[in-house]
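This briefing addresses a ligand site, the aromatic pairs and the surroundings of one helical residue. Please consult the sequence and the structure shown below while reading.

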Amino acid sequence: SQYVKFNNVSKYYKMGDQKISALDHIGFEIGQGEFCVIVGPSGAGKTTLLNILGGMDSCDEGSVYLDGREISRLNDRELTSYRRYDVGFVFQFYNLVQNLTALENVELASEICKDPLDAAEVLREVGLGNRMNNFPAQLSGGEQQRVSIARALAKNPKILLCDEPTGALDYITGKNILQLLHDTCRQRNQTVIVITHNQAIVPMADRVIQVKNGTVTDMRLNENPVPIS
Ligand code: ADP
Ligand code: ADP
């Protein structure tokens, strides 16, 4: 454990003169190379948690660490380079550049990185070897999400953060995307955190974190994660 660490983290939002607590003194740890799933109802605080770990939001109390570095103490300039070099993001909507091909979309991300992976090689890894020169509009939703996963992986990030990566996909396509993320985690020893409503993935996770009302209500480490059926 201890690769990722949240220590007593709180996050508040002001709504008029009310203070809403999006995260309420939460703590947990994730080990290097783990496949971790975050579940919980809408409004629970899942995205807030992921955005804080990704350096896209800041916490009001507590401390957050990745690989021994305290993220919660970084200044704006350090956070920008942290997001650029250390974190891969995958979102519900693929955020691809429409007038660039799949290959060019992935190259765009790897070009700004210190130690990028080969863009064509990563596209082959996610099963898009024969789709590299297609534009996003020529690809299915599942294929577009594979491009966005390849784009995140090409950065060779310390951690891959996925916020509802299957939210816009049908059940079967979504399950295949989760399978791909899981295979990537195992083959690359890549630490992956996925927010999802898709319960099919829970048994194959190394760790399940349940978020409810801004607190962590259940943390389960699966000793024997099983493949998706
Ligand atoms: P989840 O991802 O589990 O659906 P979120 O992290 O998006 O939950 O939201 C947690 C809580 O924080 C919710 O009550 C939400 O309304 C509130 N919240 C999130 N972002 C903002 C914001 N920018 N301004 C005000 N409240 C917010
Ligand atoms: P910079 O301005 O230095 O590029 P950003 O905050 O724009 O910093 O984001 C840095 C990295 O985070 C980008 O490489 C991008 O992959 C990822 N990122 C952040 N937000 C988004 C988003 N909404 N859509 C796609 N990628 C994003």
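The points that follow are grouped by topic.

The structure is a predicted model. Its ligand 1 has a shell to which β1 (4-15) and α1 (46-53) each supply at least two residues. A search of the whole structure finds two aromatic pairs.

**Shell around ligand 1**

- The residues surrounding ligand 1 are Y13, M15, A22, P41, S42, G43, A44, G45, K46, T47 and T48.
- Helix α1 provides the largest share of this shell, with three residues.
- Classified by residue type, the shell holds five nonpolar, five polar and one charged residues.

**Polar contacts and burial of ligand 1**

- For G43, a backbone N or O atom is found 2.7 Å from an oxygen atom of ligand 1.
- For G45, the corresponding distance from a backbone N or O atom to an oxygen atom of ligand 1 is 2.9 Å.
- T47 places a polar backbone atom 2.8 Å from an oxygen atom of ligand 1.
- Ligand 1 taken alone exposes 560 Å², of which the protein buries 61%.

**Aromatic pairs**

- The search of the whole structure yields two aromatic pairs.
- One of them is formed by F6 and F28, whose ring centres are 4.6 Å apart, with 15° between the planes; this pair counts as stacked because the planes are under 30 degrees apart.
- The pair links distant parts of the chain, as F6 belongs to strand β1 and F28 to strand β2 (residues 18-30), 22 residues apart.
- F6 has a relative accessible area of 2% and is therefore buried, the cut-off being under 20%.
- F28, with a relative accessible area of 5%, is likewise buried.
- F89 and F91 form a stacked aromatic pair, with 5.9 Å centre to centre and 15° between the planes.
- F89 counts as buried at 15% relative accessibility, whereas F91 is partly exposed, with a relative accessible area of 32%.

**Surroundings of E143**

- E143 is located in helix α5, which comprises residues 141-154.
- Apart from its neighbours within four places in sequence, E143 makes contact with L128 and R131.
- A separation of 9.3 Å is found between the C-alpha atoms of E143 and T173, which are 30 residues apart along the chain.

Key:
Residues are numbered from 1 along each chain as its sequence is written. Chains are lettered from A and ligands numbered from 1 in the order in which they are written. This is a predicted model: local features need pLDDT of at least 70, side-chain atom pairs count only at pLDDT 80 or more; totals for chains, interfaces and linings use all residues. Side-chain values use heavy atoms; hydrogens and water are left out. Helices (H or I, at least four residues) and strands (E, at least two) are DSSP runs, numbered from the N terminus. Contact means heavy atoms within 4.5 Å. A residue is near a molecule or strand if one of its heavy atoms lies within 4 Å of it. A polar contact is a pair of N or O atoms within 3.5 Å; within protein, one must be able to donate a hydrogen and the other to accept it, and residues adjacent in sequence count only if both atoms are side-chain atoms. Accessible areas come from the Shrake-Rupley method with a 1.4 Å probe; for residues, only the protein chains shown count as cover. Ala, Val, Leu, Ile, Met, Phe, Trp, Tyr, Cys and Pro count as nonpolar, Asp, Glu, Lys and Arg as charged, and the others, Gly among them, as polar. Rings of Phe, Tyr and Trp (its six-membered ring) pair if their centres lie within 6.5 Å; planes under 30 degrees apart count as stacked, over 60 as edge-to-face and the rest as tilted. Buried means under 20% relative accessible area, exposed over 50%, partly exposed in between (1.4 Å probe, protein chains only).
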